[in-house]
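Thank you all for making the time this morning. Please have a look at the structure on the screen before I start.

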Amino acid sequence: STENVSNDEAKKKLKDMVADIKVAMFATRLNKQPLSVVPMHTKEVDKEGNIWFLSRNDSDHNSDLLKQSETQLLYSDPGSMKFVSVYGDAEIITDQAVLDDLYNKKDNAWFDGKEDPNLTAIKFHPKEAAYWNNDSNQLVTFLKLQAAAVTGDDKDIGTSGKMDL
């Protein structure tokens, strides 16, 4: 079935789905092929619906963002059948208070602490999103698909829609 959502409802749905999936494929250089794509761990989705990441200042994606702010995030969790594609603009933030708030010990794998001069945050402002979600488990989905193949009937195997942010 299709379920389009907007405004606060869209922000809540996006926050809930992103919180469950955590890692986004972060695509920059949307005007060139091939796209530049890297996996990024989502730090938080704030109350305005912005999605936050930590990033190295010398990274290719930070360099790309300085040239073009348009970005695409792709979240995928095949195990729970949840998928989200989010389009928007991203900006690099160097405010130490923001970095302190987002940083935790796990980030030491990529940075030399909160004071690392190469540490930046990326604030992603979503404009629109699409989602696909199946609340049934994989076995139920498989059985529905098999029944549809045998009977030729359409089976409701989940929800999809647009999020107007």
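I will go through the nonpolar cores, then a histidine, and then a patch on the surface.

This is a predicted model, in which local features need pLDDT of at least 70 and side-chain atom pairs count only at pLDDT 80 or more, while totals for chains, interfaces and linings use all residues. Residues are numbered from 1 along each chain as its sequence is written, and side-chain values use heavy atoms, with hydrogens and water left out.

The largest nonpolar core, meaning buried Ala, Val, Leu, Ile, Met, Phe, Trp, Tyr and Cys residues joined through side-chain atoms within 4.5 Å, has 20 residues, and Phe 26, Ile 51, Phe 53, Leu 73, Tyr 75 and Val 84 are those with the most contacts inside it. At least two residues of this core come from each of helix H1 (7–21) and strands S2 (23–28), S5 (51–56), S6 (70–77), S7 (82–93) and S8 (119–133). Another core, of nine residues, lies apart from it, and includes Trp 52 and Leu 99.

Turning to the histidine, His 61 is found in helix H2, residues 60–67, and is buried because its relative accessibility is 11%, where buried means under 20% relative accessible area, exposed over 50%, and partly exposed in between, with a 1.4 Å probe and protein chains only. Leaving aside residues up to four places away in sequence, His 61 touches Thr 28, Val 38, Met 40, Ser 55 and Ile 122, contact being heavy atoms within 4.5 Å.

Finally, Leu 35 sits in the loop between S2 and strand S3 (36–41), and is partly exposed, with a relative accessible area of 40%.

Technical notes: Helices (H or I, at least four residues) and strands (E, at least two) are DSSP runs, numbered from the N terminus.
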